[in-house]
Structures are given as C-alpha cells and as structure tokens.
Protein chains: 2
Amino acid sequence: MKDLLFSVEEYMSRVTKTKASMEEKGMDVLIVTDPANMNYLTGFDGWSFYVHQGVIVALDEEQPIWFGRGQDGNAARISTYLEERNIYAYTDDYVNNPAKHPYEYVADILRERGLDKKTIGTEVDAYYYSAKCQQTIEACLPDAKFVNGYNLVNWVKIVKSEREISFIRNAAQIVQKAMDTAYNLIDIGVRQCDVAAEVLKTQIKGTDEFGGEYSAIAPLMPAGVRTSTPHLSWSDDVYKDGDTVILELSGCYRHYHCPLSRTMILGNAGQKVRDLGATVAEGLTAALEGIRPGMLAEDVERIWAKTIEKSGFVKDSRIGYSMGLAYPPDWGEHTASLRPGDKTVLVPGMTFHMIPGIWLDDCGVDTSESFVVTETGAEPFCNYRRELLVK
Amino acid sequence: MKDLLFSVEEYMSRVTKTKASMEEKGMDVLIVTDPANMNYLTGFDGWSFYVHQGVIVALDEEQPIWFGRGQDGNAARISTYLEERNIYAYTDDYVNNPAKHPYEYVADILRERGLDKKTIGTEVDAYYYSAKCQQTIEACLPDAKFVNGYNLVNWVKIVKSEREISFIRNAAQIVQKAMDTAYNLIDIGVRQCDVAAEVLKTQIKGTDEFGGEYSAIAPLMPAGVRTSTPHLSWSDDVYKDGDTVILELSGCYRHYHCPLSRTMILGNAGQKVRDLGATVAEGLTAALEGIRPGMLAEDVERIWAKTIEKSGFVKDSRIGYSMGLAYPPDWGEHTASLRPGDKTVLVPGMTFHMIPGIWLDDCGVDTSESFVVTETGAEPFCNYRRELLVK
C-alpha cells in the first residue's frame with residue numbers, strides 16, 4: 001500500500017537533521033503544519049491542508065507522528081512510511097465546528113505520549129497554522145513551554161539531494177513546454193482563458209515519460225494594464241494590439257517546482273516596455289553568471305543592481321528566493337532571499353527562483369530563471385531564450 | 001482602471017451588514033484576511049494571499065482599508081472600488097523577513113487612523129491568519145482589546161444575491177463540461193495525468209460566452225486504492241481494469257464555485273462499490289428532495305441517515321457544507337454544515353455542496369450535488385446523471 005517517492009533512509013535523514021536543529025534551539029517537540037514540510041519529513045500527500053493537520057517531531061520519538069482528519073488517515077497510510085501507531089485521525093465533528101478545535105485533539109496526543117510538559121516549537125507564521133491553533137494548544141497544555149519553530153524545517157530543506165534536484169529537472173522540462181504553449185497561442189484577438197486552459201493542460205500532461213502535478217501557484221498571466229502588478233491572472237477578454245503579457249509559470253513534478261517567467265509583447269507595444277525587457281534580461285544574466293558558491297545572497301542582488309543602475313529603472317523588492325517542494329499557495333521556501341541584508345551563504349544544492357520583475361504604473365516585465373548552485377557557479381534549470389517574446 | 005464585478009452599492013451593502021454584525025458583537029474594528037472575504041467586501045483579487053494582506057473594516061470608516069505588499073497595490077487599484085487613501089502598500093523588506101513582520105505595519109495603520117485603542121476582531125482561525133499575526137498585533141497595540149472575529153463575514157455572505165447565484169450557474173455549466181471530459185476520456189490503459197490535463201483545460205476554457213477561473217481546490221481524481229481517502233489526486237499511472245475513480249471537480253466563475261462529484265467504475269469493478277454507489281445516490285436524492293426552507297441543517301442529514309440505514313453502510317462525517325465565493329485552499333465557507341447538531345435555519349439564497357461520500361478500506365464513492373435553497377425546496381445547479389458512471 002506504501003507509495004513512497006524517496007527511500008525511508010532519505011526521509012529519516014531529514015528527520016535527524018530536524019531533530020539536530022531542534023536540539024540546538026532547546027526544543028523537545030516541533031509541530032509541523034506547512035504541507036510542504038509535512039511531505040518533506042514523512043511523504044504525506046493530499047489536498048487536505050484545508051483542514052487542520054500536521055506532523056509532530058519529538059526528540060524522544062523515532063518517527064514523526066501524523067495527525068489529521070479521519071477521512072485523510074488512509075492518505076497517511078498510503079503516502080507515508082509511518083507505523084500505524086503514529087497515525088492519529090480525528091473524528092469529523094472537529095471540522096469547522098466552533099464548539100471543538102482540532103488542537104484540543106493535538107493536545108491529547110501530546111499528553112498521551114508524555115510530551116505535554118516539554119518545550120514545544122510551533123510554526124507560528126506558516127500557512128495553515130492559525131492564531132486559533134496556538135491559542136488552543138497553549139490553553140490545553142499549561143505546563144508546556146512554547147517557542148518559535150517557524151522555518152526550522154524550511155532551513156533544513158534548503159540544500160537539495162540529487163534525487164530532489166532530478167525532480168526539479170523534470171519540472172523544468174514541463175515548464176518549458178508550458179511556455180512554448182503560451183507563446184505559440186497568445187495573439188491579438190485570442191481569448192486569454194483559452195490560452196490559460198492550454199497552459200494548464202500542458203503543465204499537467206507533462207511528458208511521455210512522466211506527468212505533471214498541480215502547481216503551488218496558478219499560472220499568472222496578466223495582460224495590458226494588469227501587468228502593472230504581478231499577481232493578477234488571465235481574464236476572458238481577448239489580447240489586444242500593444243498588449244504586454246506576463247507569463248509566470250511553473251512546472252511541477254511530485255510537488256517539486258521549476259518556475260519560469262517571460263514577458264511577451266504584441267504588435268504595437270511601446271518602447272518603454274522594450275527597454276525594460278532588455279534591462280531586466282541584462283541584469284538577470286549578469287547576476288546568474290556572477291554567482292559562485294560561498295557568496296552571500298545579498299551579493300547576488302548587488303550584481304543585479306549595479307548592472308541595471310545605468311538604465312534608470314529601479315527595483316525596490318527582492319530579486320529571488322529559495323524554492324522547491326511546495327503546496328499552494330506558494331512555491332517559495334521563505335528562507336533565503338536575494339536582497340540587501342540577507343547573509344545566507346550560497347551552498348551547492350540550493351535552488352532559487354531569480355525573478356527580478358519590475359512593475360511600472362501601466363505595465364511590467366517579468367523575466368526569470370530557476371537555478372541550482374553548483375560547485376562552480378549557478379546552473380539554470382531551463383534553456384529558454386531570455387529576451388522579450390515578440391509577436 | 002476599475003474592474004468591478006458587482007456594483008459599488010452591492011459591495012457597500014455587504015460592508016453595512018458586516019458592520020451591523022460587528023456592532024452586535026461589540027467590535028469596533030475587524031481585520032479580514034480570508035481572501036474570499038476580502039474579495040466579498042472590496043472586490044480585491046489576485047494570487048497574493050501567499051503574503052500577509054487584508055482589509056480592515058471599522059465602524060468609524062465608511063470604506064474598508066486595504067493593506068498588502070507594495071507590488072500588489074496596483075491590484076487593489078484595479079480590482080476594488082477603494083479610494084486611494086484607503087490603500088496601504090508595505091515595502092518589500094516586510095516579506096519573509098524574520099526581522100520585520102507585516103502586522104507591525106498593520107498596527108501603524110490602526111494607530112494612524114486612531115483605531116489602536118479599540119475593540120479589534122481578528123479572523124483567528126482563517127487561512128493565512130497565522131499565530132504570528134496575532135502575536136505581533138497584540139504586542140504592538142497594548143491598549144487595544146482583541147476579540148474573536150472568525151467567520152463573522154462568512155455568516156454575512158451565506159445568503160447569496162441574484163447576481164452571485166447567476167455566477168454559480170455559470171460555474172455549473174463549466175463543471176458539467178469538465179465531468180463529461182473526464183467520463184469521455186477515462187478508460188483502462190489511459191494515463192491519469194492525461195485525463196486530468198484535459199479536465200483542467202475544460203475548467204479554464206469555460207464556454208463560448210465566458211471563461212473559467214482557477215478553482216479553490218485542484219481536481220480530485222484518485223483511482224484504485226487511492227479512492228479509500230478523498231484528497232489524493234491523479235498520478236501518472238494508467239487506469240486499470242476494476243478501478244474505481246472518484247471525480248470531485250468544480251466549475252469556477254469569477255471565484256464562485258459549483259462543485260460536483262461522481263464516481264466511475266472501470267471494467268470488472270466489484271459488487272461492493274456498485275452497492276455503495278446505489279446507496280449514496282439514493283440517500284443524496286432523498287435528502288435533496290426533502291429540503292424545505294425553514295428546516296435546520298441537521299434535519300437534512302437526518303433524511304440521508306434514515307434513507308441509507310437499511311444498507312448497512314455508515315457515514316460518520318458531515319454530508320455537506322455552505323459554499324460559494326472562495327480562493328485556495330477550500331471552496332467551503334466554514335459556516336453551516338449538514339450534520340447532527342447544526343441548527344442553522346435554511347433560508348432561500350443559501351448555497352450548499354451536499355457530498356455524502358463514503359470511503360471504505362479499499363475504495364470509496366463520492367456522489368454530490370451543489371444546490372441553492374429556494375422558496376419551496378432545493379434546486380440543484382447541475383443536471384447530471386446521478387448513478388455510478390460505468391465504462
């Protein structure tokens with residue numbers, strides 16, 4: 001019945017690294033609720049993160065303990081290596097019920113395992129770890145000490161294994177097909193949703209060798225004035241002469257992502273967007289080529305900023321971030337950012353999405369590359385022409 | 001530049017109802033972070049809920065106040081009716097930065113508007129309202145009183161307007177096309193991801209009159225033993241003789257959903273799943289036909305439970321929930337559930353997804369209908385054969 005993507009040894013080595021980090025921070029127990037972190041430590045899969053669920057890592061327990069909704073218990077049995085005694089499924093009356101909260105159940109588990117008087121870390125700023133989760137568990141376990149465990153697992157997973165990188169390479173094959181689909185179909189008079197439909201189809205169909213997975217972010221495909229901001233998507237209007245179209249897409253293989261952005265201009269597009277496109281591509285290329293292991297994350301941003309200085313364009317947001325294994329709503333890992341002040345040392349096996357997008361009042365340009373830090377520099381996962389896509 | 005889906009009057013009537021509920025509960029200010037609630041009150045759209053953002057409703061302020069990341073400010077300008085003075089965009093160094101938290105910025109806004117000593121409700125158990133948000137705002141505003149504002153807006157939006165219902169009807173057209181796509185393509189030897197790709201294409205392409213939107217939940221399409229749990233999805237294996245395939249899909253139009261589930265059996269499927277399919281369809285039909293306005297939510301479950309009693313199958317989870325406007329990760333509204341103990345009175349204009357799925361050790365059946373409560377009963381949004389889909 002087990003359907004594991006990595007060896008039990010690889011999962012357990014992740015658990016061991018997590019425990020070492022916990023020990024260093026004086027933590028006995030860590031409650032992990034970020035679905036990507038749950039998957040990383042146990043293999044757990046499923047679109048069940050819309051109800052409260054998690055895995056508990058305790059220094060005193062060999063395996064993590066999964067908790068979740070009753071009907072999702074079989075997903076834990078199918079997708080993880082956990083023993084039956086480490087799978088706790090709560091009854092359905094805990095779901096969306098103001099009279100009961102799932103973290104009362106979590107407190108019961110911790111009490112049963114003798115962990116209710118320990119120092120407990122929680123992912124305080126993670127997706128799906130609500131204020132109510134923290135309020136409930138604090139009220140239920142008055143003898144425990146609570147500390148901040150946010151991003152602890154995220155920092156453990158920042159350096160990828162060979163097998164993880166091979167998954168991202170598969171995702172890279174998919175995203176390049178999706179970008180081709182978008183480029184081939186977008187044209188003046190074509191309905192935006194019809195193109196988005198074919199892009200999604202391409203993302204999921206994958207290749208003849210492997211299929212694609214739902215991505216942590218839907219295809220972001222704004223057109224026209226909607227490109228003045230990065231997170232709007234398609235509409236059912238048609239593309240118009242002079243439109244700028246931003247394409248921020250990702251391939252996704254087994255929940256590992258390879259994001260890639262390009263910007264397209266249609267027909268009679270203005271000179272400003274052409275200049276902006278050339279500037280962004282030049283800065284992106286310089287920054288990618290300048291990366292060496294041992295550099296700091298902020299050094300990469302410096303190369304970019306110095307390269308585009310002469311253009312007059314300004315970017316006031318980070319130019320990239322660590323990425324990889326993810327569930328909605330984000331493929332970013334929330335650890336290292338390529339921006340001033342970030343002192344993360346770049347190490348081989350780290351994977352980033354460098355996306356130095358610039359959005360002006362009426363248009364914007366996104367051009368990006370996902371890359372892995374190697375022994376000698378940075379290797380982009382994709383090989384896709386970096387200039388503006390013109391039609 | 002404004003791109004509103006509803007009249008400003010309709011948005012403001014929602015704000016007025018929200019304020020009335022706040023007043024009743026002794027709340028001066030409500031911080032709304034659920035993306036569906038943000039959209040409901042202001043029209044705000046965009047896949048930017050992966051960073052902290054929200055709208056603040058204050059009894060003393062006519063319009064809500066939007067806050068979010070700098071680069072998403074233009075999304076507020078494009079998709080909402082808010083005046084420029086009510087749009088607050090924070091600098092990018094607040095994003096994924098352990099040294100700064102966006103709720104320090106939110107506290108600054110409340111101070112600037114003279115709201116820092118008020119009674120402030122927060123959506124304590126909503127998606128994207130993390131424990132850290134609550135910890136930060138409480139630390140920043142020591143003179144404020146904090147109360148639970150979870151689900152306040154959700155209860156305001158439970159009864160839909162005519163225009164909202166027309167959006168769900170559009171979504172219903174889309175989901176029936178998606179179900180046809182799945183039925184037509186699924187067959188022994190076909191790769192699961194190839195079918196999922198066409199289903200997603202159908203969802204987004206929509207009809208000749210209108211396009212589709214990304215759904216709050218990806219198509220859930222488990223096959224074989226993976227149907228013993230509801231939230232696994234496709235793989236890149238091929239469908240096999242004897243497989244059960246669960247199809248939980250949704251149409252989505254302008255973020256309004258119409259979910260629909262059917263279960264398919266391939267070739268030599270067992271008698272147990274056929275019996276289960278007949279039982280679920282019979283119970284679903286009886287419950288739907290028995291609904292009258294004025295009934296309680298729990299009464300609907302009683303009809304279902306009595307109808308299937310004789311079969312020997314047991315369902316230990318709720319059979320449905322209120323649904324409508326939603327962003328990932330859930331199309332449910334987290335208010336009324338069709339289950340024992342839920343005393344919500346059914347009122348015309350409420351919309352539900354009734355999904356009495358049953359999952360056994362090695363297979364499961366989902367058959368569902370989305371419906372609106374009318375003056376005389378319940379009207380399903382779809383008209384799709386309710387029995388098991390056999391091939």
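User: Which residue is the bridge partner of A:Gly251 in S8(A)?

Analyst: This is a predicted model, where local features need pLDDT of at least 70, side-chain atom pairs count only at pLDDT 80 or more, and totals for chains, interfaces and linings use all residues. Residues are numbered from 1 along each chain as its sequence is written, with chains lettered from A and ligands numbered from 1 in the order in which they are written. Strands S7 (residues 244-253) and S8 of chain A pair in the antiparallel sense over ten bridges; strands are DSSP runs (E, at least two residues; helices are H or I, at least four) numbered from the N terminus, and pairing takes at least two DSSP bridges. Opposite A:Gly251 in that pairing, the bridge partner is A:Cys258.

User: How many residues of strand S8 of chain A are buried?

Analyst: Buried means 20 or more other C-beta atoms within 10 Å of a residue's own, with C-beta atoms placed from the backbone (exposed is 12 or fewer, partly exposed in between). Both faces of S8(A) are covered, with A:Tyr256 among the buried residues on one side and A:His257 among those on the other. S8(A) is largely enclosed by the rest of the structure, because the number buried is ten of the ten.

User: Which residue in S16(A) does A:Ile265 stand opposite?

Analyst: S8(A) also joins strand S16 (residues 389-390) of chain A, and the two run parallel. Two bridges hold this pairing. Opposite A:Ile265 stands A:Val390.
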